[in-house]
Amino acid sequence: MKSYLPEFHLTKATSLKHALDIISTSTITPIAGGTDIMVLLDAGKLPPGNFLDINSIDSLKNITEDGDYIYIGALNTFTDIRENNLCQQYFPMMCEAGRWSGARAIQNRGTIGGNICNASPAGDTPPALLCYDAEIELSCVDGTRWINYHEFHLDYKKLAKKPHELLTKIRIKKTNPNRFELYQKVGTRLAQAISKICFAGLIEFDADKRVKKVRLSWGAMGPYVLRSFKVEDFICGNKIDDALIESSVKQLGQELSPIGDIRSSSDYRKHVAMNLLKHFLITSKGH
Amino acid sequence: MNKTTVNFELNGAPTQVSTYPMARLLDVIREDAQMTGTKEGCGEGECGACSIFMDGKLVNSCLVPALQANGKKIETVESLASESALSKIQQAFFIHGGAQCGICTPGMLMAATDLLKTNSSPTDEDIREALAGNLCRCTGYTKIFKSVLEALKADQ
């Protein structure tokens, strides 16, 4: 059954200050591109209440370079990100993730901040953000604070964001360009499909070909996007050879306990994840 | 919440409607503005039948709350043809069988028009990607793909 529209209050924020003032005193859900909220509305699954249209706050639509960091405003769309030179140059997995989120019409509306705060475990940009050690800026009337993105998701749809805070920016440090990275989405089709599994991997080697840093991030594998910290620790400091690949994949099988849902079974997810890790490590050797 | 006034430009004409702020732009276009070329397929952003341009950008009108259309320039499939002639894309769909039942067609035409606006020499992959958000249950896509290719040829 469709939602009863008079029960949905929508207020337009004219500036960031206006938005922060409103959320400081009332229980209100921000709406940006609407590509998640409007789906729920039409399905009759969106609880009625107060909504804040933040989509016209232009100050949250910039992508800028400052010192060692690239700053991405929370209201940049997937299209903005995939077409941005800085993102293409420094964070290609963000562009890949943007390219495979929905299709053009969705990419023109869906925002990076919405993708993070909607907190779907199957979001496509979050695994890339985890690999890049992204930090996010939370703003409220009293000021701003930065937190590491990997500390943002506490449980399914539970965030380290207080109700009076708004996610305003993402920043990512420009790091070693000589890294190897790979973004892979497994879905029923490339476009529009919500991921069965989404993987982002990043690896850096020292002069001796030992792994200096590795990040392995997964979407649609648990209650929220996650990193395989144990497997990362296991790989770090070693040279990639057949034995290491085999034991890493085995370790991953022990570490992951994927969800089973309408899109895929737990067994399938685990099996494919192990294959993706194997492929990633083999491919990184040739880098 | 009471209805609110939303003003936008619809296919060149200043348009004012009184609607709920969370009403879908799709319904505003079809029911309030009575411009019924835009179709509803899935109502959840999967099928692309409701694709329109909002300030020149291709969007799914089923996922746009009416309030966000205030002050915007909206173009629907009705904007493609002139008084006397179909657009090149429409002409190509007409000649090469790009439409069957017609429900997906307005969205396909808008997505294809969007592609040609920004890319004058798209590759086959570009065309497939541009149409990837539009589902068709009749044609099997081959004739739609061919129609876009033929429209490109007609452009050269």
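**Exercise 1.** Determine which strands of chain A helix α11 lies across.

*Solution.* Helix α11 (residues 266-285) of chain A lies across β11, β12 and β13 of chain A. Its direction is at about 25° to β12(A), where axes are lines fitted to C-alpha atoms, for helices over the stretch in contact (C-beta atoms, placed from the backbone, within 7 Å), and angles run from 0 to 180 degrees between N-to-C directions. Helices (H or I, at least four residues) and strands (E, at least two) are DSSP runs, numbered from the N terminus.

The model is predicted: local features need pLDDT of at least 70, side-chain atom pairs count only at pLDDT 80 or more, and totals for chains, interfaces and linings use all residues. Residues are numbered from 1 along each chain as its sequence is written, while chains are lettered from A and ligands numbered from 1 in the order in which they are written.

**Exercise 2.** Establish the strand order of the open sheet in chain A.

*Solution.* Strands pair if DSSP finds at least two bridges between them.
- Step 1: seven bridges join β11(A) (residues 180-186) to β12(A), antiparallel; F180(A) stands opposite I203(A).
- Step 2: eight bridges join β12(A) to β13(A) (residues 211-219), also in the antiparallel sense; G201(A) has L216(A) as its bridge partner.
- Step 3: the order of the four strands is β11-β12-β13-β14. β11 and β14 (226-227) of chain A each have a single partner strand, so one side of each lacks a neighbour in the sheet.

**Exercise 3.** Explain why strand β12 of chain A is largely enclosed.

*Solution.* Eight of the nine residues of β12(A) (residues 197-205) are buried (20 or more other C-beta atoms within 10 Å of the residue's own, C-beta atoms being placed from the backbone), so the rest of the structure largely encloses this strand.

Methods
A residue is buried if 20 or more other C-beta atoms lie within 10 Å of its own, exposed if 12 or fewer, and partly exposed in between; C-beta atoms are placed from the backbone. Two residues are in contact if their C-beta atoms, placed from the backbone, lie within 7 Å.
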